[in-house]
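Me: I'm new to this one. Could you walk me through how to read it?

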Amino acid sequence: MSKIITISEIANHVGEEVTVRGWLYNRTDKGKLQFLSVRDGSGIVQAVAFKKELPESDFTVAQSLTQEASIVMTGTVRADDRAPGYPGGYEIGLKNLQLIQQSEGYPISPKEHGVEFLMDNRHFWVRSLRQWAILRVRATVIRAIRNWLDDHGYLLVDTPILSGLAGENSTDLFEVDYFGEPAFLAQTGQLYNEANMMSFGKVYCFGPTFRAERSKTRRHLVEFWMVEPEMAFFNLEDLMEMEEQFVSAIVQAVLKNHEQELKILERDTSRLTQVTPPFARISYDDAVKLVAEIREKTDDPEQKELLRLDWGTDFGSPHETVIAESFDRPVFVYHYPTAVKAFYMQPVAGRPEICRSVDLLAPEGYGEITGGSERIHDAELLAERVKEVGIDPENYTWYLDLRKFGSVPHSGFGLGVERTVAWICGLPHVRETIPYARTLNRLFP
Ligand code: 4AD
Ligand code: MG
């Protein structure tokens with residue numbers, strides 16, 4: 001009996017007879033030699049079926065294998081620098097090959113396909129090498145997020161997905177029928193985080209969030225995953241210091257564990273290695289000036305139009321890109337206009353038209369990956385803001401009440417997993433960073 005192994009373990013079994021169970025990724029027919037590229041989820045290995053070395057019926061199976069046929073194979077592991085695979089450098093000389101199921105007419109062939117076709121076939125597309133690399137990086141991003149927070153005194157406290165109130169804004173809400181009452185899918189766990197923060201000091205929630213965004217951009221999903229830390233007694237400066245440590249740890253964890261995946265994705269990692277604290281910081285006021293200067297210098301009329309910006313408006317992605325590209329690592333933009341941010345953000349003392357908010361912009365055109373702020377901790381001021389923005393104070397009673405019993409200054413932020421993965425992997429669009437993207441026009445598969 002040979003040992004069943006996963007391809008990721010192959011280096012430990014050179015010279016041994018092993019069994020690998022998986023799927024045919026590709027096959028090269030050289031007559032008496034069949035080169036099988038086999039994947040098992042943990043990696044890809046080259047298996048060589050040499051006519052003389054396995055039973056005739058098994059060799060016939062090898063010759064007939066089609067892409068994604070499921071197989072169980074047994075053979076001897078050989079180290080060979082030329083052998084392609086993940087990890088490369090090993091091949092299996094087959095002695096036995098058993099077909100589990102043939103796969104006729106698998107829709108995704110190695111040739112080029114359009115993105116819409118691939119998204120329609122996402123349930124198959126997840127088997128492709130590039131998607132394998134991306135989703136493995138995603139898993140590490142999520143693990144790094146949890147590890148860092150768990151190691152730094154943050155408690156995971158889950159927040160509900162079904163909620164009776166809007167967390168962020170009232171326009172992008174997904175309404176569902178809650179036994180005859182309107183309820184909403186969570187846009188954020190923040191308001192509950194603020195209650196939990198008063199119990200545990202430093203908390204985070206981490207789950208799917210929903211925005212009925214009608215925008216079709218490279219950065220927006222309807223369902224996305226967000227981690228939201230919330231900290232008692234943190235001001236905006238404390239928040240930025242924590243965020244730069246946290247985001248750096250995530251990027252470094254991927255660099256450390258995924259050289260292979262980043263190579264598959266042809267990611268130039270030179271900019272990523274620079275992601276270490278401290279990050280740059282620029283106020284919204286100065287960022288507006290910076291954009292104006294860059295716009296002044298450009299000769300491209302189209303770019304000139306795109307970079308048009310008045311004080312008081314939120315940045316679009318062209319603005320974010322040029323701001324971020326002015327720095328060699330991620331940059332914090334702080335003190336945005338109060339009018340473009342959420343109602344709960346603390347106004348700046350003496351200048352209530354701007355607020356104690358901070359967004360983190362990723363380099364290389366990836367734009368905002370985190371958004372956060374100091375929260376209003378004064379009961380009266382918060383009640384005033386609720387009234388000003390026109391949300392129903394009735395629904396916010398419990399949230400407002402938090403400010404009545406031992407209220408403290410506090411801050412928090414949310415980091416979007418998909419935008420972070422897109423940035424780290426160097427992907428043009430967030431749709432490949434989540435197993436099953438939900439976008440304006442897509443609910444299947
Ligand atoms: O800036 P946002 O909307 O902030 C909040 O929801 C706060 N309540 C978070 C907090 O302070 N606790 O979202 C935070 C991040 C963004 O920076 C972005 O990375 C991601 O969530 N995000 C999206 N990602 C994909 N698709 C969307 N539609 C997204 N909207 C926000
Ligand atoms: Mg934001």
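Reply: We'll look at the ligand and then at a small piece of sheet. This is a predicted model, where local features need pLDDT of at least 70, side-chain atom pairs count only at pLDDT 80 or more, and totals for chains, interfaces and linings use all residues. Residues are numbered from 1 along each chain as its sequence is written, chains are lettered from A and ligands numbered from 1 in the order in which they are written, and side-chain values use heavy atoms, leaving out hydrogens and water.

Me: Which residues come nearest to ligand 1?

Reply: A residue is near if one of its heavy atoms lies within 4 Å. Of the 23 residues around ligand 1, E168, Q190, E228, E368 and R375 come nearest.

Me: Which strand gives the largest share of that shell?

Reply: Strands are DSSP runs (E, at least two residues), numbered from the N terminus. β18 gives the largest share, five residues.

Me: What polar contacts does an oxygen atom of ligand 1 have?

Reply: A polar contact is a pair of N or O atoms within 3.5 Å. A polar side-chain atom of R211 lies 2.8 Å from a ligand 1 oxygen, and a backbone N or O atom of I369 lies 2.9 Å from one.

Me: What is the order of the three-strand open sheet?

Reply: Strands of a sheet pair through backbone hydrogen bonds, either parallel or antiparallel. Two strands pair if DSSP finds at least two bridges between them. Here the order is β8-β10-β9, with antiparallel pairing. β8 (162-163) and β9 (175-178) stand at the edges with a single partner strand each, so one side of each has no neighbour in the sheet.

Notes: A polar contact is a pair of N or O atoms within 3.5 Å; within protein, one must be able to donate a hydrogen and the other to accept it, and residues adjacent in sequence count only if both atoms are side-chain atoms. Helices (H or I, at least four residues) and strands (E, at least two) are DSSP runs, numbered from the N terminus.
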